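Visitor: I am new to this structure and would love a close look at a single part. Could you pick one buried charged residue and walk me through its surroundings?

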Amino acid sequence: LLTGSVAAGFVTLVAGSTWPADEAPLLDAIVRVREHISGLRVILAPHETVAAHLEPIERWTKRKGLSVARVDDQRAESADLVLVDRYGVLADLYALADVSFVGGGFHDAGLHSVLEPAVFGAPVIFGPRHDRSRDAALLLASGGARAGGPVAAGGGEDAATGSDRNASSSFLMLASSSSFISTLRSVDQPR
């Protein structure tokens, strides 16, 4: 599963268990970060893999001039954004991460497990709604995680219709901060 992505020299961000409220600021941030790290590949594994959720993400990606492929498509090896359309593979994908994004931090449902990607040693980023996660607090305290925020009233928009500007702006500031870019650049080396 995407074994060539490691050899291809991409900087790989694996975003797991995302909701539309997470995806709007994340997708905006991807465009911004790619201005600094052209070899950024994103593997996006949404919480829901129904066509009504995946197709707007594919349209958004194409509108931004990025290539997109589903995880089992042979084009996934070279796509800018790989969209995961099945369950049961996220832990394997986190093993490919140079940096990870855990969903739920821009959504009322709450943050998903930050331990899954942390096990593989990749820095973890997530949205501001992480106060109910002891593991997120421990990762933040140890420097193994960064959080974006604050969340605007309403909890965000979906990637198809537009983003919540306050959440997007704060996440863009995180994603384009010099320390975050430095983290990505430190892994932007041939393996």
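Guide: Happy to! One definition helps us here: a salt bridge needs a side-chain nitrogen of Lys or Arg within 4 Å of a carboxyl oxygen of Asp or Glu. Please keep in mind that this is a predicted model. Our residue is Arg 41, which sits in strand β2. Arg 41 is buried, yet it has no salt bridge. Its nearest side chain of opposite charge belongs to Glu 77, and that side chain is 5.1 Å away. Because a salt bridge has to fall within 4 Å, this pair does not count as one. Glu 77 still meets Arg 41 in another way: a polar atom of the Arg 41 side chain lies 2.2 Å from the backbone oxygen of Glu 77.

Now look around the strand. In the largest nonpolar core, which has 24 residues, those touching the most other members are Val 14, Ile 43, Val 84, Leu 93, Val 114, Val 124 and Phe 126. Strand β2, spanning 40-46, is one of the elements that give two or more residues to this core, along with α4 (90-94), β6 (124-126) and α6 (134-142). The largest share, 3 residues, is from α4. Apart from this core there is another, of 23 residues, including Ala 15, Leu 27, Ile 37 and Leu 81.

Finally, a word on confidence. The average pLDDT of the chain is 80, and 73% of the residues score at least 70. Among the elements, strand β3 (residues 68-70) has the highest mean, 97, and helix α1 (residues 4-7) the lowest, 47. Residues 151-170 have pLDDT below 50. Where pLDDT is low, predicted coordinates should not be read in detail.

Notes
Residues numbered from 1 in each chain as written. Heavy atoms only, no water. Core = buried A, V, L, I, M, F, W, Y, C linked by side-chain atoms within 4.5 Å. Buried < 20%, exposed > 50% of the residue type's maximum accessible area, 1.4 Å probe, protein only. Helix = DSSP H or I, 4+ residues; strand = E, 2+ residues; numbered from the N terminus. pLDDT = per-residue confidence, 0-100. Contact = heavy atoms within 4.5 Å. Lys, Arg positive; Asp, Glu negative; His and termini not counted. Polar contact = N/O pair within 3.5 Å; in protein donor to acceptor, adjacent residues only side chain to side chain.
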